[in-house]
Amino acid sequence: MSTPSSSAMPLSVEIYDTTLRDGAQLEGISLTVDDKLRIAEQLDRLGVHYIEGGWPGSNPKDDEFFDRAQSELELANSRLVAFGSTRRVKGKVDDDLTLQHLLAANTEVVCIVGKASEYHVTEALRTTLDEGVAMVADSVRFLKENDRTVFFDAEHFFDGYRENPEFSMRVLEEAAMAGANCLVLCDTNGGSLPGDVERIVRQVADHLQAPVGVHLHNDTGCGVANALAGVAAGATQVQGTINGYGERVGNCDLVPIIANLSLKMGVETLPQGHLDRLTSVAHHIAEIVNFTADPQQPYVGAKAFAHKAGLHTSAIARRRDAYEHVDPESVGNGTRFLVSEMSGRSTIELKAQQLGVEIEGKVIGEVVETLKELEHQGYHFEAADASLELLIRSAAGWTQDFFRLESFEVSVGHRSGSGARAWNDVTVDVETEATVKIWVGDERRIATGEGNGPINALDAALRDALGDAHPGLARLHLTDFKVRVLESDRGTGAVTRVLLDTTDGERTWTTIGVSANIIEASWQALVDSIVYGLLHASA
């Protein structure tokens, strides 16, 4: 990376990922060491420049990660980073445990955080400004003397700079003179706006003539905009997380940052040919952290390039760029045509073409009428792309041969005793069991499954019945289950709509079932989810 001669926008930017540390601070995320290794592999596959692995010495998990990474993590594109802090107040670098743990992590690159705000030095550290500066300079110098590439995260920089720019700049100057390879300006509280970020980054870059980075949080909803503003002002490194994971409302999301810099601003971010991995990596990491991928996430969300029937769809039939700001395939995503009861023949025809299904004109008309009738019954194919695909394929003459259902049965038993719920001083255990009878080719198979509810039990039974007939089944996992009561004025006799989200770790799809019987509706959605997954696993 070359240092810009002024605060002009750089030609390339280093992408520094902190999903394994800052991202893991999001409520609800708890990563095992195996999880962290798998995420690091995905980040390397994407091609980010730096992967911050954690804070060695702060907990056994991070120590184990850095120990195992040396033998188990083979990085082709990225460099692993150990994170820590400066020496203690009035301490010595030679015997500082935090700095020793950084060296023991045995990474070529380290990143240390230090106070760059007068308020935080005097109130949080309870020391003098001179000591605050010395803590940073001594620590950077010590790590450089131990042959490390050193990034300095200037904590609370933007807030501190607004309050006392002389002190905040002094911290950076001392870090630069001590040999820091990049000075990273942190919006730790996430309260800055793009105009402030651009102005301050430009002033710092013009004054120091040194590599400057930005580390931004999203508390104002401006994390991505702030990152782009920082780069426009001369920042040559952006620190953030995949999918915007992070404490409070999250860090700036590297996914749209990478896409915007690469496709909109002409700034190099990833290795050549890696941008189209963005969608699969974002979804894969979401699966590992056990969070449902945001369907409306810019660029990579399932709905990012989804078009409903009408003006948009007909225009896209003629020109793909009519209503798409970039080519979806450039980021590994794709165009989706949403089909509903408002759809016409052209929409169905476009959807069939997109699927690579040949369908005759007469059949298209039949599909349109079937679609309208089903939506009248309560189906909502706009939200169930996988079930729609199966409907179109069936209309064109395709039949799935993965299995044939003979029958299924679900039993739910209640037993008084010590159980999960107490109600009016009575405790009850709920036992759910499902039996599925299917045919796989000419072989009749029967299996029984238990679960924490009818759908879980049916899923277990069907998977057991299919057994080893379809190895791709092991990759399919249900991630979400939604039930909506239609015509609620009919009470318990109302029709229910079930939506199931399923993933294979790379893509996520939605299937639907509708019935007055919630178990039947769920079975419909479950079968579609399995058939769709097996269809594409064998493609």
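Modeller: Let's settle one term before we start: a residue under 20% relative accessible area is buried, one over 50% is exposed, and one in between is partly exposed. Please also keep in mind that this is a predicted model.

Biologist: Thanks! Then is glutamate 406 buried or partly exposed?

Modeller: The relative accessible area of glutamate 406 is 36%. Buried would need under 20% and exposed over 50%. Because 36% falls between these cut-offs, glutamate 406 is partly exposed.

Biologist: Which residue forms a salt bridge with glutamate 406, and why does the pair tie together parts that are apart in sequence?

Modeller: The closest N and O atoms of this salt bridge are 2.8 Å apart. Glutamate 406 lies in strand 11 (residues 404-423) and its partner in strand 13 (residues 443-451), so the pair ties together parts that are 38 residues apart in sequence. The partner is partly exposed, at 39% relative accessible area. Its name is arginine 444.

Biologist: And arginine 162, which residue does it form a salt bridge with?

Modeller: Here the closest N and O atoms are 2.6 Å apart. Both partners belong to helix 6 (residues 157-163), and because they are three residues apart there, about one helical turn separates them. Arginine 162 itself is partly exposed, with a relative accessible area of 35%. The partner is aspartate 159.

Biologist: Which helix holds both arginine 463 and aspartate 459?

Modeller: These two side chains meet in a salt bridge, at 2.9 Å from N to O. They are four residues apart, about one turn of the helix. Aspartate 459 is buried, with a relative accessible area of 10%. The element you want spans residues 454-466 and is helix 16.

Biologist: How many salt bridges does a search of the whole structure find?

Modeller: Those pairs are part of a wider set. A search of the whole structure gives a total of 25.

Biologist: On to the rings: how many aromatic pairs are found in the whole structure, and what is the angle between the planes of phenylalanine 65 and phenylalanine 66?

Modeller: The search of the whole structure turns up 11 aromatic pairs. In the pair of phenylalanine 65 and phenylalanine 66, the ring centres are 5.4 Å apart. An angle over 60 degrees counts as edge-to-face, so this pair is edge-to-face, with its planes at 75°.

Biologist: Is phenylalanine 66 buried or exposed?

Modeller: Its neighbour in the pair, phenylalanine 65, has a relative accessible area of 0%. Phenylalanine 66 has 3%. The cut-off is 20%, so phenylalanine 66 is buried.

Biologist: Are tyrosine 379 and phenylalanine 381 stacked or edge-to-face?

Modeller: Their centres lie 5.7 Å apart, with 10° between the planes. Both tyrosine 379 and phenylalanine 381 are buried. Planes under 30 degrees apart meet the cut-off, and this pair is stacked.

Biologist: Over which ring does the charged end of arginine 21 sit?

Modeller: A charge also lies over a ring with lysine 36, at 5.1 Å from the ring centre of phenylalanine 65. For arginine 21, the distance to the ring centre is 3.6 Å. That ring belongs to phenylalanine 83.

Biologist: Last one: which helix lies between strand 2 and strand 3 in the β-α-β crossover?

Modeller: Strand 2 (residues 50-54) has five of its five residues buried. With strand 3 (residues 79-85), strand 2 pairs in the parallel sense over four bridges, and glycine 54 stands opposite alanine 82. The crossover between these strands is right-handed and passes through helix 2.

Conventions. Residues are numbered from 1 along each chain as its sequence is written. This is a predicted model: local features need pLDDT of at least 70, side-chain atom pairs count only at pLDDT 80 or more; totals for chains, interfaces and linings use all residues. Side-chain values use heavy atoms; hydrogens and water are left out. Rings of Phe, Tyr and Trp (its six-membered ring) pair if their centres lie within 6.5 Å; planes under 30 degrees apart count as stacked, over 60 as edge-to-face and the rest as tilted. Buried means under 20% relative accessible area, exposed over 50%, partly exposed in between (1.4 Å probe, protein chains only). A charge sits over a ring if NZ of Lys or CZ of Arg is within 6 Å of the ring centre and within 35 degrees of the ring normal. A salt bridge is a side-chain nitrogen of Lys or Arg within 4 Å of a carboxyl oxygen of Asp or Glu. Helices (H or I, at least four residues) and strands (E, at least two) are DSSP runs, numbered from the N terminus. Two strands pair if DSSP finds at least two bridges between them. A crossover is right-handed if, with the strands pointing away from the viewer, the path from the first strand over the helix to the second runs clockwise.
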